[in-house]
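Biologist: Before we go through this protein, please show me the model. I would like to ask about its side chains afterwards.

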Amino acid sequence: MSCYNTPCEIPTTGGFPNTFASAVQFFAASQCLLTEGIVKEDYIPSNTKFDFIIVGGGSAGSVLANRLSEIKEWKILLLEAGDDPPVESNVPALDKSVFRTQYDWKYLTTGDAEIDQAVINNSINWPRGKMLGGSSNLNAMIYIEGNDQDYQRWYDAGNLEWSVQDVRRCFKKGQSYQNERLLQNPKITEHYGHNGPLIINTFNSTYRIVADKILKSWNDIGIKNVPDLNTANVLGSGIVSVTAAYGERQSSNKAYLNPVLHRKNLKVLKNSFVTKILIRRSSKVAYGVESTDIQTLTLPLVPSGPLANRYDDYDVPVG
């Protein structure tokens with residue numbers, strides 16, 4: 001028997017090397033346990049009609065597919081230009097291995113002769129997810145809700161659906177906050193939602209010596225440490241919350257899309273790049289799309305106006 005091309009002097013009958021090889025093979029195969037499987041594609045004939053066609057199955061598209069398909073009478077089609085996310089996207093530390101691959105749109109920023117002057121070609125990589133779950137499968141998983149004043153300014157500008165109260169209500173509806181230690185704080189417990197599909201937690205770490213020193217420095221200069229940044233209205237310093245749990249990334253498709261794939265009124269097409277949105281000249285209303293794998297997909301004509309008005313026919317809260 002040889003080990004790493006070096007003869008091993010310990011005698012063997014062959015039983016242990018075979019067992020060891022089987023163990024290695026088992027651990028190599030266990031990577032499949034990190035994913036929730038391949039999303040089965042549906043066959044969609046050309047000129048098929050739907051009530052809603054969602055272009056892009058990323059962070060927002062997965063949520064739309066979930067919410068719209070709650071209405072059994074509506075036929076929903078989700079089109080995604082990319083494929084299923086790779087196994088690396090599930091492992092938080094391997095996010096950068098997805099950059100510049102087929103799962104990334106490979107965007108580059110454009111130099112403006114003012115910033116990035118020290119960067120080659122005055123341009124940097126701008127990763128954007130090209131897969132189910134979109135950028136939620138390759139981002140840093142940092143979960144920051146934003147400051148109340150941001151939304152208040154939008155509300156004051158006339159966007160009445162963006163009031164602080166409405167935004168906070170929607171945040172809580174989607175959250176499943178699971179940091180047991182911080183949940184002992186009543187303010188943090190009240191701030192977060194607990195029954196939503198998206199798991200929020202904090203990365204486990206046994207080596208935070210450097211981070212603790214940085215936090216102490218910020219605290220010393222007046223940027224006070226807080227137990228949770230979102231509860232503190234993002235005013236202060238601390239350890240961020242993340243969309244991760246059990247050592248795995250909690251992406252948008254994992255939280256919203258995968259649990260509803262069994263719905264008969266929801267169809268999903270991967271590797272389907274939409275090339276054109278079809279708009280009626282008379283009404284300026286979209287009625288279909290053209291994509292790379294299916295020539296034309298259409299929506300039924302809605303006499304009453306834009307598709308958003310179809311919510312009026314049902315007792316469905318939009319938020």
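Modeller: This is a predicted model. A starting point is Trp218, which counts as partly exposed because its relative accessibility is 38%.

Biologist: In which helix does Trp218 lie, and which residues make the nonpolar surface patch of about 480 Å²?

Modeller: Trp218 lies in helix 6, residues 209-220. Patch residues need over 30% relative accessible area, and Trp218 has 38%. The patch of about 480 Å² is made by Val210, Ile214, Trp218, Ile221 and Ile223.

Biologist: How much area does the whole protein expose, and what share of it do carbon and sulfur atoms supply?

Modeller: The exposed area is about 19,800 Å². Of this, the share supplied by carbon and sulfur atoms is 57%.

Biologist: How many helices and strands are there, and what percentage of the residues is buried?

Modeller: The protein has 7 helices and 16 strands. Burial requires under 20% relative accessible area. Of the 319 residues, the buried ones make up 37%.

Biologist: Among contacts between residues at least 6 apart in sequence, what percentage joins residues at least 24 apart?

Modeller: Here a contact requires heavy atoms within 4.5 Å. Among contacts at a sequence separation of at least 6, those that join residues at least 24 apart account for 60%.

Biologist: Which residues have the most contacts inside the largest nonpolar core?

Modeller: That core has 14 residues. Strand 3 (52-55), helix 2 (59-68), strand 4 and strand 13 (266-269) each give two or more residues to it. The residues with the most contacts inside the core are Ile76 and Leu266.

Biologist: Which residues does Leu266 touch, leaving aside residues up to four places away in sequence?

Modeller: Ile76, which shares with Leu266 the place of most contacts inside the core, is one of the residues that Leu266 touches. With residues up to four places away left out, the full list is Asp42, Ala65, Ser69, Ile76, Leu257 and Val260.

Biologist: Which residues of helix 2 are buried, and against which elements do they pack?

Modeller: The buried residues of helix 2 are Gly61, Ser62, Ala65, Asn66 and Leu68. Ala65 is also among the residues that Leu266 touches. The elements that the buried residues of helix 2 pack against are strand 3, strand 4, helix 7 (252-257) and strand 13.

Biologist: How many salt bridges does the structure hold, and which residues are linked in a network of them?

Modeller: The structure holds 10 salt bridges. The residues linked in a network of salt bridges are Asp83, Asp84 and Lys270.

Biologist: Are Glu145 and Arg168 buried or exposed, and what is the N to O distance in their salt bridge?

Modeller: Glu145 is buried because its relative accessible area is 2%, and Arg168 is buried at 15%. The side chains of the two residues meet in a salt bridge, with an N to O distance of 2.7 Å. This pair links distant parts of the chain, 23 residues apart: Glu145 is in the loop between strand 7 (142-143) and helix 3 (148-156), and Arg168 is in helix 4 (residues 164-174).

Biologist: How many residues apart are Arg153 and Asp150, and in which helix do they lie?

Modeller: Their side chains meet in a salt bridge at 3.0 Å, N to O. Residues three or four places apart point the same way because an α-helix has 3.6 residues a turn. Arg153 and Asp150 are 3 residues apart, about one turn, and both lie in helix 3.

Biologist: Why does Glu190 count as exposed, and why is Lys172 partly exposed?

Modeller: The side chains of Glu190 and Lys172 meet in a salt bridge at 3.8 Å, N to O. Glu190 is in helix 5 (residues 186-191) and Lys172 in helix 4, 18 residues apart. Glu190 counts as exposed because its relative accessibility is 56%, while Lys172 is partly exposed because its relative accessible area is 31%.

Biologist: Where is Asn121, and what is its phi?

Modeller: Asn121 is in the loop between strand 5 and strand 6 (125-126). Asn121 is exposed because its relative accessible area is 70%. Although Asn121 is not a glycine, its phi is positive, at about 65°.

Note on methods. Residues numbered from 1 in each chain as written. Predicted model: local features only at pLDDT ≥ 70, side-chain atom pairs only at ≥ 80, totals over all residues. Heavy atoms only, no water. Helix = DSSP H or I, 4+ residues; strand = E, 2+ residues; numbered from the N terminus. Buried < 20%, exposed > 50% of the residue type's maximum accessible area, 1.4 Å probe, protein only. Salt bridge = Lys/Arg side-chain N within 4 Å of Asp/Glu carboxyl O. Core = buried A, V, L, I, M, F, W, Y, C linked by side-chain atoms within 4.5 Å. Patch = residues over 30% accessible without salt bridge, like charges linked within 9 Å, V, L, I, M, F, W, Y side chains within 5 Å. Areas by Shrake-Rupley, 256 points an atom, 1.4 Å probe, with all protein chains shown as cover.
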